Amino acid sequence: MRHYCIYLILLLLVSLFSCTGKEHKQSVTVSKKDMKSSMETANRYLLNEEEEDIMNYVKRHGLDMTSTGTGLRYQILKQGSEQRIEKGQKVSLEYELHSVSGDLIYSSENDGVKTFIVGDGSVESGLDEAMGYLHYGDVAKLIIPFHLGFGLHGDDNRIPEYATLVYTIKVIDNQ
């Protein structure tokens, strides 16, 4: 459905900027205000569609998730230690990454443990944000909307465009 919306927007833009005849080339002027309004409408549509997908996933799996102001959702499945994860600390995660449709995208079993410094920008912003709510040893489920994940283009590998990501993680290291 998202592809349909994108193609519809592209078709609208092409039709607005294309010529209508061979003899009389007409240019259509689209104001910045009209363009902005069209893009805002398309973005609202995509965000509403994604929100519906997320809510259906949460309901289908019986999850009790906390939602942050950015749209990240998380649920701590198993409490770890008392030590909170802080910005600048190194963390390692065992993980499985799925799409909201349930397709396995990446996992630590197949692709190795994910290790990064919290706050250094080396991972998707939703995963980085989630660390601020977790402790070492926690097991958690995260739902990361596409704007906090890999955005409009995916990762040019296994994560498609506009992908809502579902992580199941265990924070295993603070070395």
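What share of the 175 residues in the protein is buried? In this predicted model, buried residues account for 38% of the chain's 175 residues. The surface that the protein exposes comes to about 10,700 Å², and carbon and sulfur atoms supply 52% of that area.

A look at the overall layout helps to set the scene. The protein holds four helices and seven strands. Read from the N terminus, the elements follow the order α-α-β-β-β-β-α-β-α-β-β. Two helices thus open the series, and four strands come next. Contacts that span long stretches of sequence are well represented: among those between residues at least 6 apart in sequence, 64% join residues at least 24 apart.

Within this layout, Ser107 makes a handy residue to follow. Ser107 lies in strand 4, which covers residues 104-107. Is Ser107 buried or exposed? With a relative accessible area of 3%, Ser107 counts as buried, because this value falls under the 20% cut-off.

The surroundings of Ser107 can be described through its contacts. Leaving aside residues up to four places away in sequence, Ser107 touches Tyr95, Glu96 and Gly112. The side chain of Ser107 also reaches the backbone nitrogen of Asn110, at 3.1 Å. As for Leu93, 14 residues from Ser107 along the chain, the C-alpha atoms of the two residues are separated by 10.0 Å.

Taken together, the picture of Ser107 is that of a buried residue in strand 4, with a side chain that reaches the backbone nitrogen of Asn110.

Technical notes: Residues are numbered from 1 along each chain as its sequence is written. This is a predicted model: local features need pLDDT of at least 70, side-chain atom pairs count only at pLDDT 80 or more; totals for chains, interfaces and linings use all residues. Side-chain values use heavy atoms; hydrogens and water are left out. Buried means under 20% relative accessible area, exposed over 50%, partly exposed in between (1.4 Å probe, protein chains only). Contact means heavy atoms within 4.5 Å. A polar contact is a pair of N or O atoms within 3.5 Å; within protein, one must be able to donate a hydrogen and the other to accept it, and residues adjacent in sequence count only if both atoms are side-chain atoms. Accessible areas come from the Shrake-Rupley method with a 1.4 Å probe; for residues, only the protein chains shown count as cover.
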